[in-house]
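Work through the exercises below with the sequence and the structure in view. Each task is followed by a solution in steps.

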Amino acid sequence: MVTPKNASVSNKNGSQLIHEPPADGGRMIVLTAPLTEAIDHAGYFIQMAMASLPIWMEGVINRKYPKWREVEHNPDGSARYMPAGVRLVEKSLLRAYRNDDVVACFPDDLHKFVGPRTRVIAVSTHNPLGVTFAAGVYTSIFGSSRMPINSHYARDLFAKIKGSPYRENFKVIVGGSGGWQIIQTDTYEELSVDCVVEGRSESEDTLELFRKAIQGEELPRRVEVKHPMERDAILFPDTRTTFGVVEMTTGCGRRCKFCVPDLNPQIDLPKDKIMDAVRANVRNGNKQISLATEDMFIWGQVHTDTPFYFPNREALVDLYSEIVDTPGVEQHVLSHCTIAPAVVDPLLIKQLSDKLLPKSPIHFPLLSSHPQKKALAPLIGLETGSVRMAKQIMSSKGVPFSIEDWPSVVLEGLRVLNENNWFPAMTLIVGNPGETDDDVKDTIDLVYEIERRGLFAFLIPSIFTPLHDTRMEKEKGVTQTKQLTPLQWQLMMKCWKMNLRPGQYSWWGPMAWRVGSIGMWIYKLRKLNGPNFTWPLWMFSGAISEKNLQRMGKIYRGKPLKVKTRAELLASLKPKDWQYLRADNGDLPIGYTPSPLAARAMAAL
Ligand code: B12
Ligand code: SF4
């Protein structure tokens, strides 16, 4: 056991700093997370950008958000806010340990809490090595796929832990949704990690692991712990979380093959506990709340007599109303959802918009019809426009509608969303195993159809990444951007070209993009991404028109799609599902009679 009198650590420049160990000998259990995952200002987008941009582009973030590294502390130096995952580990541990034994702190404050008494440092991480979808692809387009900004800061945290003068005294346990990346890349030694936990901290197995670590027993490299099956077994934070994240559901139920969260049981969490956690955030100075979910629309309809894909309008509007009406909640941000519910119940979308838009911090001046130009931007999976591909990887993504109608569901859903000032970020997967040029063309068709109809979503293409534990874990994806075909590149660049539409309102906007992208291509991207990238980049830059590029045979411009209307989509549902439709939305199939529940809800209006 090492108990040095003067702890010696290095600063960023490598010079030695000498400081005394914490006066109280440090905390027995110290919880932390990479700085880039803990910051809670500037909204979700800053963290998403830092997960996707390579470290050499950090200057862009520094210029846009010069104060992004400034964090808030409690009077004792612990972190004022931490990602929800850290808060739940803390809450779970406090069932067995005293308050004085456990602390959650920012990486730069580790030296204040790690001392001779420390037996465990527990790290929660979302995406430590940047090997997940979307994050990997953008860093690899711009350079190194191994070092997104977030990954740099995650490594910096692990280096601090590795360099601790007390390292021999404590175990390092990592958990969170990105822990698998350490397992898959076998970076235990490099990062100085003893054990990676997969699963939730509430589990008894997690507590047992901490007990072992505190006793100084050897830990297994990898531990899989059980997910609670009951809604009451899920804990809630009673302190402040980054971005005011409070869990709303676990699992999903649509069973997409590439999906990790869907492997968890489908649970919607009790409203009173959600509200307690919202109030706890506000009490601790948070003005923003966001409910974490894979699909907000299943809440209130899990294990009821109605299938979960027919949303419970009243329950959802009630929950969200109470949240945004909570004194002290100034901002509310949506996380994830699916698109079929917008087709099933457009009035739900309208009622949610009426409640949520006034508290949304997101403004899209050129898109929104709201008087203050506010908008809602949840994350929705589009993934592919190819019905053939969709059948293989996500056959229930659009239920209650048939996956055969997926392009119609996307277009119709987006129409409803846009009409209510929802402009979602929609993810697309490029390079699915077995994806052919025809599949990519089908997706390009859908993207052009979105444009043709004047609809708007931020289209975020990512390269297929076989995620650990999913049913596609063993499948092989594209590993280098050079492997992408011209059509796959074109799809990616068309998406980004469309995303920039609302930004191009000044005379200099389009010009800057044209010159900037061609300049980047000449300087770096040409070599990195290979010849298939060339024409899609010219298309993206806008320097040659798409018409001309098509005439030159360099790009494929999507063909118009024939799609179903909402009425046609509803008529195509299985007749046994008609009863769950709400008459106040119109477009009802002939022969419709409401379910007793839907009838009661209608009568109550
Ligand atoms: C909110 C959220 C965000 C927010 C806020 C994140 C934050 N810093 O708080 C934003 C929008 C910024 C974000 C960004 C990204 N996200 Co995100 N996000 C989520 C979401 C919806 C909820 C996360 C959450 O807080 N859950 C609630 C907490 C309590 O759960 P938890 O963190 O998993 O913690 C539990 C366990 O993991 C465990 N645990 C956690 N830490 C530890 C530590 C120890 C030691 C132990 C023992 C256990 C343990 O116990 C907790 C429960 O008790 C999840 C989906 C989901 N439902 O989880 C996606 C999710 C985690 N995100 C994902 C991704 C891909 C990203 C991005 C890479 C996307 C991108 N390209 O930009 C970035 C990365 C950001 C970064 N900084 O690196 C993926 C993760 C995939 C992966 N890593 O394999 C998920 C699963 C979404 C998905 N459907 O795929 N995200
Ligand atoms: S809809 Fe989203 S969360 Fe649900 S299974 Fe599919 S990918 Fe996963």
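Contact here means heavy atoms within 4.5 Å. The model is a predicted one.

**Exercise 1. State where Arg 313 lies, decide whether Arg 313 is buried or exposed, and list the contacts of Arg 313.**

Step 1. Locate the residue: Arg 313 belongs to helix α12, which covers residues 313-324.

Step 2. Apply the cut-off: a residue is buried under 20% relative accessible area and exposed over 50%. Arg 313 has a relative accessible area of 0%, so Arg 313 is buried.

Step 3. List the contacts, leaving out neighbours within four places in sequence: Arg 313 meets Asp 345, Leu 347, Leu 348, Gln 351, Arg 582, Asp 584 and Asn 585.

**Exercise 2. Describe the place of Ala 342 in the chain and in space.**

Step 1. Ala 342 sits in helix α13, residues 340-344.

Step 2. The relative accessibility of Ala 342 is 0%, and therefore Ala 342 counts as buried.

Step 3. Compare sequence with space: Arg 415 is 73 residues away from Ala 342 in sequence, while the C-alpha to C-alpha distance is 8.9 Å.

Step 4. With residues up to four places away in sequence not counted, Ala 342 touches Ile 349, Gly 413, Val 416 and Leu 417.

**Exercise 3. Find out how helices α16 and α17 are arranged and which residues make their contact.**

Step 1. Helix α16 spans residues 406-419 and helix α17 spans residues 437-452; their axes come within 11 Å and cross at roughly 25 degrees.

Step 2. Angles under 35 degrees count as roughly parallel. The crossing angle therefore makes α16 roughly parallel to α17.

Step 3. The crossing of α16 past α17 is right-handed.

Step 4. On the side of α16, Pro 407, Val 410, Leu 411 and Leu 414 take part; on the side of α17, Leu 446, Glu 449 and Ile 450 do.

Step 5. Sorted by type, the residues of this contact between α16 and α17 are six nonpolar, no polar and one charged.

**Exercise 4. Carry out the analysis for helices α18 and α20, then describe how α20 is covered.**

Step 1. α18 (residues 486-499) and α20 (residues 534-541) pack at an angle of about 15 degrees, and their axes are 8 Å apart. This angle is the reason why α18 is roughly parallel to α20.

Step 2. The two helices, α18 and α20, cross in a right-handed manner.

Step 3. From α18 the contact takes Pro 486, Trp 489, Gln 490, Met 493, Lys 494, Trp 496 and Lys 497; from α20 it takes Pro 536, Leu 537, Met 539 and Phe 540. By type, the residues of the contact of α18 with α20 are eight nonpolar, one polar and two charged.

Step 4. Of the eight residues of α20, six are buried, and α20 is mostly covered. The buried ones are Thr 534, Pro 536, Leu 537, Met 539, Phe 540 and Ser 541.

Step 5. Look past the end of the helix: Gly 542 follows α20 and has a positive phi, near 80 degrees.

**Exercise 5. Describe two phenylalanines, Phe 210 in a helix and Phe 364 in a loop.**

Step 1. Phe 210 is part of helix α10, residues 204-214. The relative accessible area of Phe 210 is 3%, so Phe 210 is buried.

Step 2. Phe 210 touches Ile 29, Val 89, Leu 93, Tyr 97, Val 120, Ala 122 and Ile 173, not counting residues up to four places away in sequence. Lys 171 is 39 residues from Phe 210 along the chain, and their C-alpha atoms are 9.1 Å apart.

Step 3. Phe 364 lies in the loop between α14 (346-356) and β15 (379-383). Phe 364 counts as buried because its relative accessibility is 14%.

Step 4. Neighbours within four places in sequence aside, Phe 364 is in contact with Lys 373, Ala 375, Ala 377, Phe 423 and Phe 458.

**Exercise 6. Give an overview of the chain.**

Step 1. The chain has 24 helices and 17 strands.

Step 2. Of its 605 residues, 57% are buried.

Step 3. Among contacts with a separation of 6 or more, 75% join residues 24 or more positions apart.

Terms used. Residues are numbered from 1 along each chain as its sequence is written. Chains are lettered from A and ligands numbered from 1 in the order in which they are written. This is a predicted model: local features need pLDDT of at least 70, side-chain atom pairs count only at pLDDT 80 or more; totals for chains, interfaces and linings use all residues. Side-chain values use heavy atoms; hydrogens and water are left out. Axes are lines fitted to C-alpha atoms, for helices over the stretch in contact, and angles run from 0 to 180 degrees between N-to-C directions. Helices (H or I, at least four residues) and strands (E, at least two) are DSSP runs, numbered from the N terminus. Angles under 35 degrees count as roughly parallel, over 145 as roughly antiparallel, 65 to 115 as roughly perpendicular and the rest as oblique. A crossing is left-handed if the near helix is turned anticlockwise from the far one by less than a right angle, and right-handed if clockwise. Ala, Val, Leu, Ile, Met, Phe, Trp, Tyr, Cys and Pro count as nonpolar, Asp, Glu, Lys and Arg as charged, and the others, Gly among them, as polar. Buried means under 20% relative accessible area, exposed over 50%, partly exposed in between (1.4 Å probe, protein chains only).
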